[in-house]
Amino acid sequence: MSTTTHAIAAPAPGAPLEQTTIQRRDLRPDDVLIDIAYAGICHSDIHQAQEDWGTAIFPMVPGHEIAGVVAAVGSNVTRYQVGDRVGVGCMVDSCGECEYCLAGTEQFCVKGNVQTYNGVGFDGENTYGGYSRQIVVKDAFVCRIPEGIELDVAAPLLCAGITTYSPLRQWGAGPGKKVAVVGLGGLGHMAVKLAVAMGAEVTVLSQSLKKQEDGKRLGATHYYATGDESTFDVLRGRFDLILNTVSAKLPVDAYLGLLRVGGAMVNVGAPGEPLSYNAFSLIGGNKTLAGSMIGGIAETQEMLDFCAEHGIGAEIETISADQVNTAYERVANSDVRYRFVIDTATIGS
Ligand code: NAP
Ligand code: ZN
């Protein structure tokens with residue numbers, strides 16, 4: 001037994017998305033049924049729907065920035081009740097027993113975390129994501145959306161928010177630190193807001209100056225165009241931390257040159273092609289080149305509470321189901337300000 005729900009799916013790699021219906025499982029004792037209100041469009045959805053990262057599972061219902069309201073709970077669920085405002089991010093399960101799960105970093109589960117979509121659950125069933133009217137998720141992978149953040153601007157926090165919050169915290173963004181955010185898209189604009197709220201001095205490094213006013217409004221102190229070569233001379237040795245959110249290949253050595261001695265460049269952008277660097281770009285200055293993957297469930301809740309406390313939500317453009325393919329094209333062309341969010345009530349209506 002299961003329930004049928006309306007969804008938007010990519011039928012094959014690179015094919016246009018189309019409306020369809022999918023099955024959601026009946027509630028297990030520790031499951032929560034969520035009426036999804038909004039689902040953000042992350043560039044990772046596009047990478048996976050195009051198989052930029054390798055073979056994927058089709059049909060694919062993307063979406064790992066999910067905000068909605070609890071519609072029913074399983075018999076053992078105590079932490080959520082019908083009517084609660086909740087969110088789901090990039091994972092829906094993990095083994096719960098390995099050292100990484102026990103440390104609250106379920107994304108590194110040794111058995112592999114179960115991705116919200118393009119994944120296979122421990123029951124062997126394919127997972128389908130948030131471009132849908134309803135989803136069933138184990139309660140331990142559901143977060144509470146605090147009062148004070150509307151569901152539409154909360155949805156992108158579940159991936160773009162946590163993916164930038166986690167490395168900013170890990171690498172000490174705060175008062176007295178100069179942080180550069182590379183790429184002002186979905187992740188980048190969240191990184192600016194979060195790093196500013198943490199007290200860092202923030203510089204945006206964007207391909208052009210087109211979005212400069214927005215960057216300053218979001219709290220950045222400085223804004224430079226990376227298309228202008230002089231930027232790399234002017235900013236040489238400037239930053240403690242560079243957060244690279246770019247979805248394409250970057251000349252890493254040029255960016256490492258912008259770090260202070262001992263500084264770190266952290267990649268969260270995940271292009272399909274490899275990045276390369278010269279060893280001397282790190283050696284000459286004891287620099288670090290690092291990566292960061294989303295964040296654990298407890299840290300995701302911490303991020304949501306931080307956002308509520310600081311009045312932070314995503315800057316969004318709300319779209320209906322029939323605009324998803326156009327939105328994908330616009331994201332691919334860096335023409336997003338700054339996150340598309342699907343009003344899921346328009347799916348199947
Ligand atoms: P997005 O909204 O498309 O933003 C990416 C930004 O990168 C663009 O707005 C653009 O900013 C810049 N950019 C794009 N193409 C470029 C190019 N050829 N050269 C230089 N800059 C370019 O994407 P997103 O949703 O923020 O995701 C960004 C990346 O993070 C994706 O690869 C995604 O898969 C990855 N991601 C990783 C994690 C993780 O756990 N590590 C989680 C979520 C997403 P400007 O116009 O300002 O230059
Ligand atoms: Zn994402």
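The following questions and answers go through a predicted model, from its parallel sheet to its unusual backbone angles.

Biologist: In which order do the six strands of the open sheet lie?

Modeller: Strands of a sheet pair through backbone hydrogen bonds, either parallel or antiparallel. Here the pairing is parallel, and neighbouring strands are turned by 20° against each other on average, direction ignored. The order is β12-β11-β10-β13-β14-β15.

Biologist: Which strands are the edge strands of this sheet?

Modeller: An edge strand pairs on one side only. That holds for two strands, at residues 222–225 and 288–291. They are β12 and β15.

Biologist: What is the bridge partner of Val181 in β11?

Modeller: Strand β10 covers residues 178–182 and strand β11 covers residues 201–206. The two pair in the parallel sense over five bridges. In β11, the partner of Val181 is Val204.

Biologist: Which strands does helix α5 touch where it packs on the sheet?

Modeller: Helix α5 spans residues 186–197, and its direction makes about 165° with that of β10. The strands it touches are β10, β11 and β13.

Biologist: Where does the largest nonpolar core lie with respect to the domains?

Modeller: This core has 104 residues, and Val179, Val181, Ala195, Ile242 and Leu243 have the most contacts inside it. Domain 1 (2–159 + 295–346) and domain 2 (161–291) both give residues to the core, so its place is between domain 1 and domain 2.

Biologist: Which residues does Ala195 touch, not counting those up to four places away in sequence?

Modeller: Ala195 is among the residues with the most contacts inside the largest nonpolar core. With residues up to four places away in sequence left out, it touches Leu168, Ala173, Val179, Val181, Ala200 and Val202.

Biologist: Which residue follows Arg337 across a cis peptide bond?

Modeller: Most residues other than glycine have a negative phi, and most peptide bonds are trans. The bond from Phe58 to Pro59 is cis, with omega near -5°, and Pro59 is found in the loop between α1 and β4. The bond from Arg337 is also cis, with omega near -10°. It leads to a residue in the loop between α11 and β17, namely Tyr338.

Biologist: Is Asn118 buried or exposed?

Modeller: Asn118 lies in the loop between β7 and β8 and has a positive phi of about 55° although it is not a glycine. A residue counts as buried if 20 or more other C-beta atoms lie within 10 Å of its own. Asn118 has 24 C-beta neighbours inside 10 Å, so it counts as buried.

How values were computed
Residues numbered from 1 in each chain as written. Chains lettered and ligands numbered in written order. Predicted model: local features only at pLDDT ≥ 70, side-chain atom pairs only at ≥ 80, totals over all residues. Pairing = 2+ DSSP bridges. Helix = DSSP H or I, 4+ residues; strand = E, 2+ residues; numbered from the N terminus. Axes fitted to C-alpha atoms, helices over the stretch in contact; angles between N-to-C directions. Contact = placed C-beta atoms within 7 Å. Core = buried A, V, L, I, M, F, W, Y, C linked by C-beta atoms within 7 Å. Buried ≥ 20, exposed ≤ 12 C-beta atoms within 10 Å, placed from the backbone. Domains from an automatic or database assignment.
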